[in-house]
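Here are my notes on the model you sent round. They are short and come as numbered points.

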Amino acid sequence: MLSYSTQLIEDDDIVEVIKALKSNLLAQGPRVAKFEEDLCVYTGARYAIAFNSATSALFGAYSVAGIKKDDEIITTPISFVATSNMFITLGAKPIWCDIKTDGNIDETKIEALITKKTKAIVPVDYAGKPVEIKTIQKIAKKHKLLLIQDSSHALGSSVMGQKIGSFSDMTIFSFHAIKPITTSEGGAVLTNNKEFAEALRAFRSHGMVKKRLWDSDMTSLGYNLRMTEVAGALGSSQLKKLDRFIQTRAKIANYFNERFEDTKLFSTQKIEQNSVSSRHLYPIMLASELLDKKEEIFAELQKRGLGVQVHYKPIYKNSFYKERFGEISLPMADNFYNSEISIPCNQTMSMEDAKYVADTLLETLRNML
Ligand SMILES: *Cc1c(COP(=O)(O)O)cnc(C)c1O
């Protein structure tokens, strides 16, 4: 099965993991610190704080940002549930803003949602395509809102030559198995703000600060959300390969773009001239004639070896959220969910695989008309 996204673990990654396993420190130690430093060098951000998942990293970022009960957060419904779930944990309310045809938050619709209770804007770089970050930055600044970017898909993406990671007050990356690089499970918050960085370090580790000799002091409420040394070792090793992984995915994506240029069966996500996408996903949006066949199409593609998936069911459509906030419908997000399929585009695929995916997809869809 060719998967919409998958990890690529190579021998040198395994060597680094074994070294970590044989070392004295298995929990938080020099390998995690090295991985954090590597993330800073790669993205240009001043501080990186590693966590055991992006969900934990989001929890940490929202917490140190002071997000609390009854605050409103403007965010996108087209994301993994964790983006909104971590607001609920803090008693805050996600206000979902509709999206554009590319799956990213519609920046022109953000301002109308701002109220006295709004505390932050949390966009997601869907599939790795950067959001209109300059416009969103201006809105956040004008209304004195925090900007927290869930860039779980977008490690390696950039806008006008600047890597995602330092555009926002805090930026979150995921190193889950099938994200742009992996630490098996893992995540990080990147920030240029020293206070946020220090608060995040305390938050992930019991709120304790070392004093002298045996003495430490717990000065804030914290948890244990730390990354292991094994994960940190894998992270540094994987990060060295990120540009190669992205190159491979970009080559496949560019081939798909050419193959699909003239098709009326579906549309694809266009990447702006001035930006680079990590190509975490390659989404296609089915034409309206095919929408009622989506289940059949999905099953047929799976049967023919294409590990497709749908990203995402709008978060407000989950029963947990329906019970709390009632029936919500945003037309663009609903349409996107009805039409989107993520097709295989990952760094383990050959160009022959890519050709098979394009041929199979076009043939399957033509047969459905
Ligand atoms: C994967 C993902 C997360 C959660 O990441 P984990 O590392 O699995 O906790 C959060 N937000 C988005 C947009 C994601 O894709």
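1. A search for disulfides across the whole structure, which is a predicted model, comes back with zero. A disulfide is a covalent bond joining the sulfur atoms of two cysteines. The cut-off applied here is a pair of cysteine sulfur atoms within 2.5 Å.

2. Are Cys40 and Cys97 buried or exposed? Cys40 has a relative accessible area of 15%. Cys97 has 1%. Buried means under 20%, so Cys40 counts as buried. Cys97 is likewise buried, because its 1% falls under 20%.

3. The protein chain holds 12 helices and 17 strands. Its radius of gyration is 21 Å, and the globule rule gives 21 Å for 369 residues, so the chain is as compact as a globular protein of that length. Along the principal axes, the C-alpha atoms fill a box of roughly 70 × 55 × 40 Å.

4. How much of the chain is buried? Of the 369 residues, 56% are. The contacts tell of the chain's long-range side. Take those with a separation of 6 or more: 71% of them link residues 24 or more positions apart.

5. On the surface, the protein chain exposes about 16500 Å². Carbon and sulfur atoms supply 52% of that area.

6. Now the charges. The protein chain carries 47 positive and 44 negative ones. Where do they sit on average? The mean positions of the two sets are 5 Å apart.

Terms used:
Residues numbered from 1 in each chain as written. Predicted model: local features only at pLDDT ≥ 70, side-chain atom pairs only at ≥ 80, totals over all residues. Heavy atoms only, no water. Helix = DSSP H or I, 4+ residues; strand = E, 2+ residues; numbered from the N terminus. Rg over C-alpha atoms; globule rule 2.2 N^0.38 Å. Buried < 20%, exposed > 50% of the residue type's maximum accessible area, 1.4 Å probe, protein only. Contact = heavy atoms within 4.5 Å. Areas by Shrake-Rupley, 256 points an atom, 1.4 Å probe, with all protein chains shown as cover. Lys, Arg positive; Asp, Glu negative; His and termini not counted. Charge placed at Lys NZ, Arg CZ, Asp CG, Glu CD.
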